[in-house]
Amino acid sequence: MRWQSQTLDAEDGALPGLERAGFVRSVQTPEFEGITFHEVLCKSALNKVEGGNLPFGWTVNPMRGCSHACRYCFARTTHEYLDLDAGDDFDSQIVVKTNVSAVLRREVHKRSWRRETVALGTNTDPYQRAEGRYRLMPGIIGTLTESGTGFSILTKGTLMRRDLTLLTQAAQQVPVHLAVSIAILDPELHRGLEVGTPSPRARLELVRTLADAGFAVNVMVAPVIPYLTDGRAHLADLIEAIAEAGAAEVTAFPLHLRGSTRGWFLNWLAEAHPALLRRYRQLYGRGTSVTPEYSAWLRGRIEPLLEKHRLNRERQAEPEVRAAQSHTPDPQLALFA
């Protein structure tokens, strides 16, 4: 790989938590101002998901941390396993498994591999900006396809469009399920909560592109942010826009505040919308989830919109949908083997 004007810190142990993750070097480059890439050599690519009611048993996570910088991201806590913080470090210290495709190829060609469905995007986004630099996904897609392994991808990243030909070819050989996350339509709110993501309009265009290519795209209207994105007008406009983009189905659920994500989100809320803090304390209490009454109220508001636009068709949830609904990071992520 060749990049101009990059700086390297190749001393093993520069970040103590990375020592056990196969640390190779840290890279900074002007094209990604404010972001440090920590390149590692992983020992395994496939993460076994034990237990739970999910339609897949394995995940692949080519990166740790995410420059999307979504204030509500449930995966923030996983960065603490590497002695990095769940706030700014999660957004700017991106750990990249540079050899993930080669390791995955070795694993899926073992005689013991049963070609179980593999999910991508259940933790951090595989199509975040770093993918433009490292190009890990073409190798992952090709390897899974060649081995006869079906897969799902959940993303906010419009970079997925780059791999549309690969995805279309893969879908001719193995089951491929694609989902796009679009939780916010309001531009100002998007800039505050999802500062590093493509705009909602850009993601709607991604949905249109995928649908035109023949994919039944699921859109995750998730999380719904209480008192900010649960208004009747916002939800109606968002779901109508999703329907017009050609989505096949919408899945929606309210914000969870788990682990370090709770403090990170509430700190933002205190600065941007201080009047809502008291209502949030009442809604969440000391837990991670909204009250059952709020959940029921939200379903009552969203379901008629989905019925109106035929986006709530009855079918078994796709892998990427069930993963997002679980709100739990992969059990193996703490090991980062």
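Colleague: What makes you confident in this chain, and which parts would you read with caution?

Modeller: This is a predicted model, and the mean pLDDT of the chain is 89, with 86% of its residues reaching 70 or more. Over residues 1–14, however, pLDDT stays under 50, and the model has 31 contacts there beyond four places in sequence. Over residues 315–337 pLDDT also stays under 50, with 67 contacts beyond four places in sequence. Where pLDDT is low, the predicted coordinates should not be read in detail.

Colleague: How many helices and strands does the chain have, and what share of its residues is buried?

Modeller: There are 12 helices and 12 strands, and buried residues make up 56% of the 337 residues in the chain. Among the contacts with a separation of 6 or more, 76% join residues that are 24 or more positions apart. As for the surface, the chain exposes about 14900 Å², of which carbon and sulfur atoms supply 47%.

Colleague: Which residues have the most contacts inside the largest nonpolar core?

Modeller: That core has 87 residues, and those with the most contacts inside it are F151, F265 and Y280. If neighbours within four places in sequence are left aside, F265 is in contact with R71, Y72, L193, I225, L255, L257 and Y280. Another core, of six residues, lies apart from it and includes F23, V40, L82 and L84. In soluble globular proteins, nonpolar side chains tend to be buried together.

Colleague: Why is F90 called buried?

Modeller: The cut-off for buried is under 20% relative accessible area, and F90 has 1% relative accessibility, so F90 counts as buried. F90 lies in helix α1, residues 88–92, and beyond its neighbours within four places in sequence it is in contact with G65, C66, C73, A75, R76, T78, H79, D85 and T124. One of these contacts, T78, is 12 residues from F90 along the chain, and the C-alpha atoms of the two are separated by 8.8 Å.

Colleague: Why is the pair of W58 and W113 called edge-to-face?

Modeller: By the rule for aromatic pairs, the count comes to nine. One of them is the pair of F32 and F37, which is edge-to-face, at 5.2 Å centre to centre and 80° between the planes. For W58 and W113, two conditions have to be met, namely ring centres within 6.5 Å and planes over 60 degrees apart. The centres of these two rings are 5.5 Å apart and the planes are at 70°, so the pair of W58 and W113 is edge-to-face. W58 lies in strand β5 (residues 58–60) and W113 in the loop between α2 (100–108) and β8 (118–120), so the pair ties together parts that are 55 residues apart in sequence.

Colleague: How do you know whether W58 and W113 are buried or exposed?

Modeller: With the cut-off for buried at under 20%, W58 counts as buried because its relative accessibility is 17%, and W113 counts as buried because its relative accessibility is 9%. W113 is also among the contacts of S147, which, leaving aside neighbours within four places in sequence, are V108, W113 and R115. S147 lies in the loop between α4 (137–146) and β9 (151–155), and with a relative accessible area of 6% it is buried as well.

Colleague: What makes Y227 partly exposed?

Modeller: Partly exposed covers the range between the 20% and 50% cut-offs, and Y227 has 27% relative accessibility, so Y227 counts as partly exposed. Y227 is found in the loop between β11 and α8 (232–244), where its phi is near 70°, a positive value in a residue other than glycine. Ring pairs link Y227 with F265, W268, Y280, Y284, Y294 and W297 into a cluster, and R279 lies over the face of Y227, at 3.8 Å from the ring centre.

Colleague: Which backbone feature is found at P223, and why is R135 called partly exposed?

Modeller: The peptide bond from A222 to P223 is cis, with omega near 0°, and P223 is found in strand β11, residues 218–224. R135 has a relative accessible area of 48%, which is under the 50% cut-off for exposed and not under the 20% cut-off for buried, so R135 is partly exposed. R135 is found in the loop between α3 (130–134) and α4, and has a positive phi of about 50° although it is not a glycine.

Note on methods: Residues numbered from 1 in each chain as written. Heavy atoms only, no water. Core = buried A, V, L, I, M, F, W, Y, C linked by side-chain atoms within 4.5 Å. Buried < 20%, exposed > 50% of the residue type's maximum accessible area, 1.4 Å probe, protein only. Contact = heavy atoms within 4.5 Å. Helix = DSSP H or I, 4+ residues; strand = E, 2+ residues; numbered from the N terminus. Areas by Shrake-Rupley, 256 points an atom, 1.4 Å probe, with all protein chains shown as cover. Phe/Tyr/Trp six-rings, centres within 6.5 Å; stacked < 30°, edge-to-face > 60°. Lys NZ or Arg CZ within 6 Å of the ring centre and 35° of its normal. pLDDT = per-residue confidence, 0-100.
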